[in-house]
Amino acid sequence: MSAPTSGRPLVERTAAELAEALAAGETTSVEVTQAFLDRIAAVDGEVHAFLHVDAEGALAAARASDERRAAGAPASVLDGVPVAVKDVLATEGLPTTCGSRILEGWVPPYDATVVARLKQAGLPILGKTNMDEFAMGSSTEHSAYGPTHNPWDLDRIPGGSGGGSAAAVAAHEAPLAIGTDTGGSIRQPGAVTGTVGVKPTYGGVSRYGLVAMANSLDQAGPVTRTVLDAALLHEVIGGHDPLDSTSIDQPLPAVVDAARAGTDLAGLRVGVIRELGGEGYQPGVQQRFDEAVELLVQAGAEVVEVSCPSFAHALAAYYLVMPSEASSNLARFDAMRYGLRVLPEGVDSPSAEDVMRATRDAGFGDEVKRRIILGTYALSSGYYDAYYGSAQKVRTLISRDFAAAFEAADVLVSPTAPTTAFKLGEKLDDPLAMYLNDVATIPANLAGVPGISVPAGVAEEDGLPVGLQVLAPATADDRLYRVGAALEALLEQRWGGPLLTLDKLALATEEPA
Amino acid sequence: MSTPTTELVDFDEALASYDPAMGLEVHVELNTATKMFCGCPATFGGEPNTQTCPTCLGLPGSMPAVNATAVESAIRIGLALNCEIAEWCRFARKNYFYPDMPKNFQTSQYDEPIAFDGWTDVEVVTEDGTETFRVEIERAHMEEDTGKSLHVGGATGRIHGAEYSLVDYNRAGIPLIEIVTRPIVGAGDKAPAVARAYVAQLRDLIVGLGVSEARMDQGNLRADVNLSLSPAGSGTLGTRTETKNVNSFRSVERAARYEVSRQAAILRAGGTITQETRHWHEDTGITTSGREKSDAEDYRYFPEPDLVPVAPSREWVEQLRATLPEPPRARRARLQQEWGFSDLEMRDTVGAGAMGLVEETVAHGASPQSARKWWLSELARRANEQGTDLASLAIAPADVARIQALVDEGRINDKLARQVFDGVLAGEGTPDEVVASRGLAVVSDEGALGEAVDRAIEANPDVAAKIRDGKVAAAGALIGAVMKEMRGQADAARVRELVLERLS
């Protein structure tokens, strides 16, 4: 593959830069797509970000993109820029496993709306990325197909559940990726891999075709290396979809404009959430966070402290609502029509129920079974009010806390995750410790408000990336991009360039195309 | 499950000792163009699994979206049953595993039904005329149908013992309205008749609203009969059984009577009633035990998170209220008076599902009695032969009215009219076209008729002599002979006149 005549290697460029190069005729989508496919071939053996790579499909889409561009009719700004998609979104003709054995071999007959919009906008789909089984986890270790490794340190987790999408972007295997975020599955992987992750407002991006873990919390969003790239991708996938009744029927805010609005934050009120920080947060994480807040002040923002006392109950409420919905969603995996089918041993003529039982026993991993059991229990007659009912009340209280906080501040900030990437296996036997990693991200899902994680540097003690989370009121996603882009620019001025560069990664040093 | 099913106590005897309480659950399949939560056609008769999509198949990632027409139909049914209409209500998931349930939960409504707290008055015939019972409606809610299983092999046709099962998901997601009554108590020995009258009236109402085909034989309208007995005068409620999918008005009454007799036998023998679902057997007229069902069966209901609440505005509800047809009882009373039908005639007309058809036929100019005659005799017979109902016959009320007009004009007689019905039903065209193409006009040529009469008299001298002796009744034989010669195409009244003229 011939290198471009000017500029850096294709895989090092941001999506916005690639889009410019394509528009300027300096490269082609086939070249770009092939460069990323080559990069995947070179490093994914170590990272294991992908469960399925669709080289043929991606190149066909790239050729179509180049033809459109040659005809002077590109489908969108990002036409021809490839993308990776989390394996929880249905892709017509491409396997979709959700990281589970129970869906092994299933090829959906339809596209999720997000996927359809990517195709409509001309983005070649490189493949499907690894994830915790049915998005249940914070480390991608619960994938039935083996864990993904953090490109910064292959012994560490890439976060989860969308560790595959974050690692793919961090490892420069894809310029763009789609993740989904139920309790932090876009933002926490973003934080621990030094990438940008956005959870849009609930209802801002269609969930049609997103295999649900918890329908009232799930939201698909962009995973990228820069805030501008995230905004560009957000514009492609966002907006009303009649197939998703919960999608918001109003225009998407001007997220790309917000990402290009510069570093002047004069007049912006930034609320630091007292409950999300301090004790329980790794000192190096807290330090980078505090410095970033200081930068916002220098940029003209007014910083206030806000209190959200109900956040103390967020984790408990989340672990009632999420498993309740999940237990019902996962009931359909019964071996009757698709996916795995296991015949019980030692049963002569097994009944439908016998086959369901044997299949679900063999097809679901422990974490999934744990949540099905929790959810089934929480919804049971006699317990419903105490568990599911109380959890819904907590959601209301959390929403009120947010409403009050957004009276005092235009955006709220916190560390995205309390720690940097932990070691593979470290928390596998301690579900509660694993769950605690989402303590700062979960409140946004419970209230439906949007959030972004942007890189805030690396922690002094381990040299691993730290994320800063910005939260905004529902439907004000543009504020995430304004603050995120300003902070990104200010930090890069300080660092003298982006945090995430190839030389920082623990991967093969061979010069990429 | 050791419930004896063969011992029965005579119905009247049972009612001397026990008070029945009934609850009726009726599922109405709506006739919307598309399914409850997706855009698939909701029509019947497609090849299995051709009217499906990711949503009604419950494929991973698919999502429901509410059919607004189904909501409108639900509200109209609720209003017609004098219900309150919820200002805000949600769908809920009813979680249970079954092979023909695509998601292993049914999207239904639980504690927030779209319509609630209604009533409808039904009439039953008693020794002294009719008696009115008020049936209170607890709720009417929206839900989706399941797939349809066909269990192959095995003796029972049920899933247990079957070799394999086939599932047709064309039915999955068809909109259903479930209408639930409060316990009907105090009807005594009229309870089974009240049940029948209620279901029949509900069907009329649904048909009048135009929201369902409401064909019980096709399962568009399915009734479950809950029944319990308690010691006479105790004022308590006993343990109930739920007899499923009773598929005709007559069966509703029979099933209720059977359960009264069966339960009374058990109670009288000191036994207890098992709370269970039971299956009605049309052929033998009995119910048999289905599955045991306790109130504690846990469906783990919770609000469907993929759907937003349904919040019909009061303006919309009032607009829909304004479109309601006349209530069935009022309409029936008005029509009976307008038509001058006896109670029996009216009951037969309603029972045959012909009230609306007679009404339209009358509107096209036929007399009420002639309209009733054709629909309840000639056309009812043909519907029976075809295994269909009157409304499904390939003939319009306007055609029936035109055929009667042709009779009234003397252009055809009743016998020829039957041939015209044949022609119209066979798709040969309008009544006038059938008369023309089949050459069915009565012979009105006096000369030809007179000659035929003369020939008949000549051929039957004995009969002619009797008539001359004043035995006018004997004229029938001569009229018959003339009609036969004219192949039916003569006005019998005129033939009679000609015969009597010649022999008086």
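A residue counts as buried under 20% relative accessible area, as exposed over 50%, and as partly exposed in between. By this rule B:Tyr164, with a relative accessible area of 45%, is partly exposed. The model described here is a predicted one. B:Tyr164 belongs to strand 8 of chain B, which covers residues 164-168. Together with B:Leu150 and B:Leu166, B:Tyr164 forms a nonpolar patch on the surface, and the accessible area of the three residues amounts to about 310 Å².

Chain B as a whole contains 16 helices and 15 strands. Along the principal axes, its C-alpha atoms occupy a box of roughly 90 × 55 × 50 Å. Half of the chain is covered by the criterion given above: 50% of the 504 residues of chain B count as buried. The accessible surface of chain B is about 22300 Å², and carbon and sulfur atoms contribute 49% of this area. Among the contacts in chain B with a separation of 6 or more, 68% are between residues 24 or more positions apart.

Chain A comprises 16 helices and eleven strands. Its C-alpha trace extends over about 70 × 50 × 45 Å along the principal axes. The radius of gyration of chain A is 22 Å, which agrees with the value near 24 Å for a compact globule of 513 residues. Of these 513 residues, 63% are classed as buried. The accessible surface of chain A is about 17100 Å², with 52% belonging to carbon and sulfur atoms. For contacts in chain A with a separation of 6 or more, residues 24 or more positions apart account for 76%.

The contact between the two chains was examined next. Chain A contributes 37 residues and chain B contributes 31 residues. The area buried between chain A and chain B is about 2700 Å², and 58% of this area lies on carbon and sulfur atoms. On the side of chain A, 23% of the area buried against chain B comes from A:Ser245, A:Arg332 and A:Arg337, a share greater than that of any other three residues. One salt bridge is counted between chain A and chain B. A salt bridge joins A:Arg207 to B:Asp306, with 2.8 Å between the closest N and O atoms.

Two buried positions in helices of chain A illustrate the packing within this chain. A:Leu446 is located in helix 15, which runs over residues 442-447. Its relative accessible area is 3%, so A:Leu446 is buried. With residues up to four places away in sequence left out, A:Leu446 touches A:Leu217, A:Ala314, A:Ala317, A:Tyr318, A:Arg395 and A:Ile398. One of these neighbours, A:Ile398, is 48 residues away from A:Leu446 along the chain, while the two C-alpha atoms are 7.4 Å apart.

The second position, A:Ser65, is in helix 3 of chain A, residues 55-70. A:Ser65 is buried because its relative accessibility is 1%. Its contacts, again not counting residues up to four places away in sequence, are with A:Ser29, A:Asp79, A:Gly80 and A:Gly122. The C-alpha atoms of A:Ser65 and A:Leu78 are 10.0 Å apart in space, for a sequence separation of 13 residues.

Backbone geometry was noted at several loop positions. In chain A, the peptide bond from A:Gly160 to A:Ser161 is cis, and omega is near 10°. A:Ser161 is part of the loop that links strand 3 (125-129) to helix 5 (163-170).

A positive phi, near 55°, is found at A:Cys98, a residue other than glycine. A:Cys98 is situated in the loop between strand 2 (83-86) and helix 4 (113-120) of chain A. The relative accessibility of A:Cys98 is 0%, so this loop residue counts as buried. In chain B, B:Arg300 is likewise not a glycine and has a positive phi of about 45°. B:Arg300 falls in the loop between strand 14 (286-292) and strand 15 (302-303) of chain B. With a relative accessibility of 15%, B:Arg300 counts as buried, because the limit for this class is under 20%.

Note on methods:
Residues are numbered from 1 along each chain as its sequence is written. Chains are lettered from A and ligands numbered from 1 in the order in which they are written. This is a predicted model: local features need pLDDT of at least 70, side-chain atom pairs count only at pLDDT 80 or more; totals for chains, interfaces and linings use all residues. Side-chain values use heavy atoms; hydrogens and water are left out. Patches are made of residues with over 30% relative accessible area and no salt bridge: like charges are joined within 9 Å, nonpolar side chains (Val, Leu, Ile, Met, Phe, Trp, Tyr) within 5 Å. Accessible areas come from the Shrake-Rupley method with a 1.4 Å probe; for residues, only the protein chains shown count as cover. A salt bridge is a side-chain nitrogen of Lys or Arg within 4 Å of a carboxyl oxygen of Asp or Glu. Helices (H or I, at least four residues) and strands (E, at least two) are DSSP runs, numbered from the N terminus. Buried means under 20% relative accessible area, exposed over 50%, partly exposed in between (1.4 Å probe, protein chains only). The radius of gyration is taken over C-alpha atoms; the globule rule is 2.2 Å times the number of residues to the power 0.38. Contact means heavy atoms within 4.5 Å. Buried area is the accessible area (1.4 Å probe) that two parts lose on being put together, summed over both.
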